[in-house]
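Me: I would like the reasoning behind the labels, not just the labels. Please set each value against its rule.

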Amino acid sequence: MSKTSKRYAMVVDLRKCTGCHTCSVACKAENDVPPAVWRNWVKIMEKGTYPDVRIYSLPVQCNNCENAVCVKVCPTKASYKRDDGIVMIDPHKCVGCKYCMAACPYQVRYLNPVRKYAQKCYFCAHRLEQGLLPACVEACPSGAMTFGDLNDPASDVARLLINNPTSVLKPESGTKPQVFYIGLDKDIADPLKGVDLDYYIEHAKDALEGVYLL
Amino acid sequence: MEMNVLYNVPHAFALSDLISTYFFLLGVGGGCSLLSIWATLTGKTDYKPLAKLGAIAVVTLFSFAPTLLIIDLGQPLRFWFLMVRGNITSPLTWGSFFLSAYPLFASLYIIFLFLGKTKIYKPLAVVLLPIAIGYVTYIGFIVSMAISTSAWNTPIMPIYFASAAMVSAIALMTMVGIARHWIMTRKWSAEQRQSDFNIIIKLTRFASLFLLLNLFFVFTQQVYMRFSSEWAATAAELMLKGKLGLNFGVFSVLLGTIIPLLVVAIPKVNKQLVLLFITMFFAEVGIFVMRFAITVGTQHMPIM
C-alpha cells in the first residue's frame, strides 16, 4: 500500500463507552441487518466482588484485519481487501459456504438468513463514499468511537493511537486488526472469562436456534 | 475475582451436521479408492476382488457425498463458482480441483479395472493416487486453516483426517467383505473360501495399523492443545468430558479405536468373523462420531 493512500481504522475508547448499544442499533438500522444476526454488538461483563463491582463493555465488530484470514480462505474471492484496508464481500460472488465464518477468530461474520450470503461490518463504506462517518461512530452518544485515516497524521485516529496505549482483540491470531481499543480489560477480551462453560456448551447451539426461531 | 458476562451474542455454527457427514462420506470414498489403488499397484491377484470392491464403494459414495456440500451452501445454485473462481490460498479451491479431477480419473480407472485392461488401469491408478491423497487430506486442511477454533487449528489435522479416512474405508470394505464371504462363498471350494477369508484377515490387520495411527493422533492433538494456550487446553478438555466427551472419548476413541485394536490384536478372537464385523462397525461409527465431534462439537466453545 502506498503512503499516500488511505488506511482506515477505528479507535474505541472504552473509558468512554457506557455499553448503551446505540452503535448496534444504528448499525442494524443503517445496514438492514436482520434479526438474530449482528454486525456489531456490545459484550458486557461485570467484574469484582460487592461492593467493588464494575461493569465493563466491549463493542465488537469486524476488525477489517490487515492480514485478513477470511480473505485468504474465501474460495471464490468474494471476500477481498480494498486499498484503503476495508475488507469487503461481493454478494454476487459469495456462494454462502460459511468458510469465512469458520475461519474468523472474532465471530463477526454471519450468513444473512434472508439473502443467504456472508455479511459483516465494512466500516459503512457506502457512507464513507458520501463523506460521512460509519453509522456506529456517528450514533455513539459518548464519543467513544473514532474513525479515520491512519495514514493522515492529523486525523483523530492517528492522534489517539500516538497519544494512548492501545490493544487489539486476539493479537495472537496474527490478523493485525484495524480496530484498536483504549483501556481494554484483558478479561472481557477473553472468551473464557465470566462464562459458565458447562452451561454455555450445553446451550450454545440451542440458544442460537432459539433466536433464529424468533 | 468474580466475573460474569451479562450480555454477549451467540455465534453461528459455520460447519453443520451436513458438512461433518460430507467429510465422513468423502473420507470413506477416498479411502476406498486408495485401498483399491494399493490393491492394484501391489499386483497380487488375491487382492483383485478387493480392488473391485473398493471401486464399487467409490462410485456409490461419490454419487451422493458432494450433494451434501451443495445443499449446505447458502447459494446452492452458485456451486459452480467454486470450480471457476479459484483462490489458491483457500483449501476449498484445492478441494474443488480434487472434486473435479477425482471422478474423472476414478471413473476411467474403474471402467478399465472392470474391463480387465491391466495396461490402462495400472497407469491410471498411478495418476489417481496423488489425486485420491489430496481428496482425503484437503478436508483436514479446511479445518486446520480455520483459526477460529483451537481444536481445528492444529497441524496434525490433514494427516489425522487422512488416517481416519483409511480406517473408515477399511472398516467398510471389511464389513462388505465379510457379508460377501457369508453370502457368496457357500458354493466355493474350501481353498477359495480360505483365500477369501485370508483377505478379510489381512484387511483387519491393515485397519489396526491405521487405528493405531489414529490413537497416536488423538494423543498428539490432546498434548498439543493442552500445552499451546489456555483456550486450546479448555477445548482439549471439552473433547473428553460432558456430551462431547461421551461422543468423542467413548464412542470414537474407546469403542471405535481401542476396542477394535484389542480385538484385532488378540489371537483366535481376531479370526471370528462375527466379532470382526461388529468391531469394524464400531470403528466405522467411531470415525463418523470423530468427524462430528471435531467439526460440529468443538464449535460449542465460546469465541468472543
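**Labels and cut-offs**

Me: Why is the crossing of α2(B) and α6(B) called right-handed?

Reply: A crossing is right-handed if the near helix is turned clockwise from the far one by less than a right angle, and left-handed if anticlockwise. The crossing of α2(B) and α6(B) falls in the right-handed class. Everything here comes from a predicted model: local features need pLDDT of at least 70, side-chain atom pairs count only at pLDDT 80 or more, and totals for chains, interfaces and linings use all residues. Residues are numbered from 1 along each chain as its sequence is written, with chains lettered from A and ligands numbered from 1 in written order.

Me: What angle do α2(B) and α6(B) make, and what is that called?

Reply: Helix α2(B) spans residues 48-72 and packs on α6(B) at about 115°, with the axes 11 Å apart. Axes are lines fitted to C-alpha atoms, for helices over the stretch in contact, and angles run from 0 to 180 degrees between N-to-C directions. Under 35 degrees is roughly parallel, over 145 roughly antiparallel, 65 to 115 roughly perpendicular, and the rest oblique. So α2(B) is roughly perpendicular to α6(B).

Me: Which residues meet there, and how do they divide by class?

Reply: L50(B), L53(B), G54(B) and A57(B) of α2(B) meet L172(B), M173(B), V176(B) and G177(B) of α6(B). Contact needs C-beta atoms, placed from the backbone, within 7 Å. The classes: Ala, Val, Leu, Ile, Met, Phe, Trp, Tyr, Cys and Pro are nonpolar, Asp, Glu, Lys and Arg charged, the others, Gly among them, polar. That gives six nonpolar, two polar and no charged residues.

Me: What makes α6(B) and α10(B) roughly antiparallel?

Reply: Helix α6(B), residues 157-184, and helix α10(B), residues 273-295, cross at roughly 150°, their axes coming within 9 Å. The pair is therefore roughly antiparallel. This crossing is left-handed. The contact holds 14 nonpolar, three polar and one charged residue. Among its residues are A164(B), L172(B) and H181(B) in α6(B), and F277(B), E284(B) and M290(B) in α10(B).

Me: How do you know that a strand of chain B pairs with β2(A)?

Reply: DSSP must find at least two bridges between two strands for them to pair. Strand β1(B), residues 3-7, has four bridges to β2(A), and the two run antiparallel. So the pairing rule is met. In β1(B), Y7(B) is the bridge partner of I44(A). Strands are DSSP runs of E, at least two residues; helices are runs of H or I, at least four; both are numbered from the N terminus.

Me: What makes β3(A) and β1(B) edge strands?

Reply: Each pairs on one side only. The open sheet has three strands in the order β3(A)-β2(A)-β1(B), with antiparallel pairing. Its twist averages 25° from one strand to the next. β2(A) and β3(A) share ten antiparallel bridges and form a hairpin with two residues between them. M45(A) stands opposite Y56(A), and N40(A) opposite Q61(A). Helix α1(A), residues 22-31, packs on this sheet, touching β2(A) and β3(A), at about 165° to β2(A).

Me: How many residues does each chain bring to the contact between them?

Reply: Chain A brings 52 and chain B 42. Chain A's side has 33 nonpolar, seven polar and twelve charged residues. Elements giving two or more residues to that side include β2(A), 40-49, and α7(A), 197-213.

Me: How do you know that β9(A) pairs with β10(A)?

Reply: Two bridges join them, and they run antiparallel. The rule asks for at least two, so β9(A) and β10(A) pair. T166(A) stands opposite I182(A). Both strands belong to an open, mixed sheet ordered β8-β1-β10-β9 in chain A. Its edges are β8(A), 145-149, and β9(A), 166-167. Helix α6(A), residues 156-163, lies across all four strands, at about 110° to β8(A).

Me: Why does the radius of gyration of chain A agree with a compact globule?

Reply: The radius is taken over C-alpha atoms, and the globule rule is 2.2 Å times the number of residues to the power 0.38. For 214 residues that is near 17 Å; chain A has 17 Å, so the two agree. The C-alpha trace spans about 50 × 45 × 30 Å along its principal axes. Chain A has seven helices and ten strands.

Key
Contact = placed C-beta atoms within 7 Å.
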